[in-house]
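Trainee: Please take me through one part of this model closely, beginning at the end of a helix and working inwards to whatever that helix packs against. I would rather have one connected account than a list.

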Amino acid sequence: MLTQRGADRAKKRELEMAHAIQETRENRELRRSCYTQLHRDARQFAPVLSRHLYVTRDRTLGQEDVSALEATKDAYRDRWSEALMIAPDAVIVPAHELNEALIGVYGQIKRLEQGTPRPGEAPQSTAEAQHALWSLISVRREAMRSDLGVTANAGEPATRRAPLVSSSDPIDLTRDFTE
């Protein structure tokens, strides 16, 4: 009888351990999927903001221009809401910084579009803020990779390294909007 009880306990612990391992795998897969989509959406949102700024400078905006910006923003917002519910604080902190910057640039662009910029807001400063998004995207990406354990230094806090350089030169970018 004691042998049977011991075997039952061992079997129960084995099942609990297998369940915990499966739960951990599913949780990591959920985070990986969310992070991949969040990263993609942020990388789409940033250039759409830049494009919208250029279109605002060059011509009258059409409905398709406004719709493209709003659809991209909405997709990013939905993924950000999902990430808030599943990501740990080590990812949320740099992600929140990026989110604030993205929404800040979006707000500046919309105010410029409507002709109601705040003091200090101009196309050039907005272009500079948009360009700065890329380094924040890089920092958040590293935090997500670390959380998933796919970086060489997994477990260490994310640190800002050399900024990710986008395909455009920041000097040329701001020169495009010099008045």
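Mentor: Glycine 149, which comes just after α4, takes a positive phi of about 75 degrees, and since this is a predicted model, that angle, like every value below, is computed from predicted coordinates. The helix before this glycine covers residues 123-148, and its length can be checked: at 1.5 Å a residue, the 26 residues of α4 should span 38 Å, and because the C-alpha atoms at its two ends are 38 Å apart, the expectation and the model agree.

From there we can turn to the partner of this helix. The axes of α1 and α4 come within 10 Å of each other and cross at roughly 170 degrees; as an angle over 145 degrees counts as roughly antiparallel, α1 is therefore roughly antiparallel to α4. Sorted by class, the contact of α1 with α4 holds 14 nonpolar residues, together with 4 polar and 7 charged ones.

The interior comes next. The largest nonpolar core has 30 residues, and those that touch the most other members are Phe45, Leu49, Tyr76, Leu98, Leu102 and Leu133. Two or more residues of this core come from each of α1, α2, α3 and α4, and α3 gives the most, with 9 residues.

Two of those well-connected residues, Phe45 and Tyr76, lead us to the aromatic rings. A search of the whole structure finds 2 aromatic pairs. In one of them, phenylalanine 45 and tyrosine 76 are tilted, with 5.7 Å from centre to centre and 35 degrees between the planes. Because phenylalanine 45 lies in helix α1 (residues 2-58) and tyrosine 76 in helix α2 (residues 63-86), this pair ties together parts that are 31 residues apart in sequence. Phenylalanine 45 is buried, with a relative accessible area of 0%, and tyrosine 76 is buried too, at 1%.

Phenylalanine 45 also pairs with tyrosine 106, again in a tilted arrangement, with 6.4 Å between the centres and 50 degrees between the planes. Here the partner of phenylalanine 45 belongs to helix α3 (residues 89-114), so the pair ties together parts that are 61 residues apart in sequence. Tyrosine 106 has a relative accessible area of 14%, and since buried means under 20%, this ring-bearing residue counts as buried. Taken together, Phe45, Tyr76 and Tyr106 form one aromatic cluster.

Notes:
Residues are numbered from 1 along each chain as its sequence is written. This is a predicted model: local features need pLDDT of at least 70, side-chain atom pairs count only at pLDDT 80 or more; totals for chains, interfaces and linings use all residues. Side-chain values use heavy atoms; hydrogens and water are left out. Rings of Phe, Tyr and Trp (its six-membered ring) pair if their centres lie within 6.5 Å; planes under 30 degrees apart count as stacked, over 60 as edge-to-face and the rest as tilted. Helices (H or I, at least four residues) and strands (E, at least two) are DSSP runs, numbered from the N terminus. Buried means under 20% relative accessible area, exposed over 50%, partly exposed in between (1.4 Å probe, protein chains only). Axes are lines fitted to C-alpha atoms, for helices over the stretch in contact, and angles run from 0 to 180 degrees between N-to-C directions. Angles under 35 degrees count as roughly parallel, over 145 as roughly antiparallel, 65 to 115 as roughly perpendicular and the rest as oblique. Ala, Val, Leu, Ile, Met, Phe, Trp, Tyr, Cys and Pro count as nonpolar, Asp, Glu, Lys and Arg as charged, and the others, Gly among them, as polar. The expected span of a helix is 1.5 Å times one less than its number of residues. A nonpolar core is a set of buried Ala, Val, Leu, Ile, Met, Phe, Trp, Tyr and Cys residues joined through side-chain atoms within 4.5 Å.
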